[in-house]
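Reader: I would like a close look at a single part of this protein, the sheet. Please take me through how its strands are arranged and paired.

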Amino acid sequence: LVHEIQVTNTGKKELALNALQGNCTCIKTGASKTSLKAGESSTIKITFDPQERTGTQQKAVTIYSNDPRNPVQRLTFTAYVE
C-alpha cells in the first residue's frame with residue numbers, strides 16, 4: 001500500500017522537514033523535497049508492507065520539522081490486512 005500526502009509551507013520562512021519516521025519497520029517514508037520556501041509544496045510518500053501481519057493494523061508516521069509552532073506532527077492510519 002502506497003499513499004502520498006502533499007505538504008505546503010504556508011509560513012513566511014523556509015520550512016525544513018528534518019526527519020520522517022514510521023513507528024514500525026513495515027513503513028518506509030520519503031519526501032520529494034525536504035526544504036520548502038514560503039508557498040512551496042512537497043509530496044510525502046508512505047509505503048506500508050504488512051510483512052505477514054493480518055487483521056487491523058494501526059500505524060503512524062512522525063514528521064519532525066523546524067516549524068516554530070508545531071515541530072512534531074503525527075500522521076496515523078489504519079489498514080485491514082486479510
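Author: In this predicted model, 4 strands form an open sheet in the order 4-2-6-7, with antiparallel pairing; strands here are DSSP runs of E with at least two residues, numbered from the N terminus, and two of them pair if DSSP finds at least two bridges between them. Strand 4 (35–36) and strand 7 (72–81) lie at the edges, and because each has a single partner strand, one side of each is left without a neighbour in the sheet.

Strand 2 (residues 15–22) runs antiparallel to strand 6 (residues 55–65) and is joined to it by 5 bridges. Along this pairing, Leu20 has Ile63 of strand 6 as its bridge partner, while Leu17 stands opposite Ser65 of that strand.

Strand 6 also pairs with strand 7, in the antiparallel sense and over 10 bridges, and Lys59 is found opposite Phe77 in strand 7. These two strands, 6 and 7, form a hairpin, with 6 residues between them. Of the 11 residues of strand 6, 8 are buried, so this strand is largely enclosed by the rest of the structure; buried means under 20% relative accessible area, calculated with a 1.4 Å probe on protein chains only.

As to the basis of these statements, residues are numbered from 1 along each chain as its sequence is written, and side-chain values use heavy atoms, leaving out hydrogens and water. Local features need pLDDT of at least 70 and side-chain atom pairs count only at pLDDT 80 or more, whereas totals for chains, interfaces and linings use all residues.

Definitions and conventions: Buried < 20%, exposed > 50% of the residue type's maximum accessible area, 1.4 Å probe, protein only.
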